[in-house]
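Trainee: I am new to this structure and would like to understand the terms used to describe it. May I put some questions to you?

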Amino acid sequence: MAARTDSYDLGRLRLSSGEGRSAELTVALDPLRFAEETYVPPGGESEMRLDVSRTTGNGYALRLRFAVALEGPCMRCLENAGARIEVDAREVDQPGAGDELRSPYLDDQELDLRTWARDALALALPAQIVCSEDCLGLCPRCGANLNEDPEHAHEPEPDPRWAKLSELKLD
Ligand SMILES: [Zn+2]
Ligand SMILES: [Zn+2]
């Protein structure tokens, strides 16, 4: 298994324009905050595939692919729920072609893989992470897990006007 790396020096590939190379890397992955919950990549890292192509004019076209099984709570019932996320991200860095063609993850030839991987993972998340599509969530009044007790119900609230009446002291 490859040693864990946070960044990658593209210069050492010594690519001339039009050439490409792929690398299999183990990259550190930080826990992710999402909708007030925390999702953790197992082992804090992931195997990733990096494709590097040298464009004409000393630029780079980059592609980063990985799959990770995040661990964390269901957003409805807070029980354990996993989410397998597949990431396929691309970056272009073309010096002299304007700011929109510069990659924020590339500093000279040094690629900040850890930051790119974290951002790409955040963008690939589903709208919600749930233990199952039909998760019933928690009772809004008492917090009971409705998956374990689908019949769960409360007595209707007493009419607040009656509560007011019972506070009246009648002499
Ligand atoms: Zn759930
Ligand atoms: Zn309840």
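Mentor: Along the sequence, the donor residues of the zinc ion (ligand 2) follow the spacing C-x2-C-x9-H-x1-H. This is a predicted model, in which local features need pLDDT of at least 70 and side-chain atom pairs count only at pLDDT 80 or more. Residues are numbered from 1 along each chain as its sequence is written, and side-chain values use heavy atoms, without hydrogens and water.

Trainee: What makes Cys139 (SG), Cys142 (SG), His152 (NE2) and His154 (NE2) the protein donors of the zinc ion (ligand 2)?

Mentor: Donors are N, O and S atoms within 2.8 Å of the metal (3.2 Å for Na, K and Ca). These four atoms lie 2.0 to 2.3 Å from the zinc ion (ligand 2), so they meet that definition.

Trainee: Why is the site of the zinc ion (ligand 2) called tetrahedral?

Mentor: Four donors count as tetrahedral if all angles lie between 85 and 135 degrees. The angles among its four donor atoms are 102 to 117 degrees, so the site qualifies.

Trainee: Why is Cys139 called buried, and why is His154 called partly exposed?

Mentor: Buried means under 20% relative accessible area, exposed over 50%, and partly exposed in between (1.4 Å probe, protein chains only). Cys139 has 8%, so it is buried; His154 has 36%, so it is partly exposed.

Trainee: How do you know that the site of the zinc ion (ligand 1) is tetrahedral?

Mentor: Its donors are Cys74 (SG), Cys77 (SG), Cys131 (SG) and Cys135 (SG). The angles among these four donor atoms are 106 to 113 degrees, so the tetrahedral definition is met.

Key. Chains are lettered from A and ligands numbered from 1 in the order in which they are written. Four donors count as tetrahedral if all angles lie between 85 and 135 degrees; four count as square planar and six as octahedral if opposite donors are over 155 degrees apart and all others between 65 and 115; anything else is irregular.
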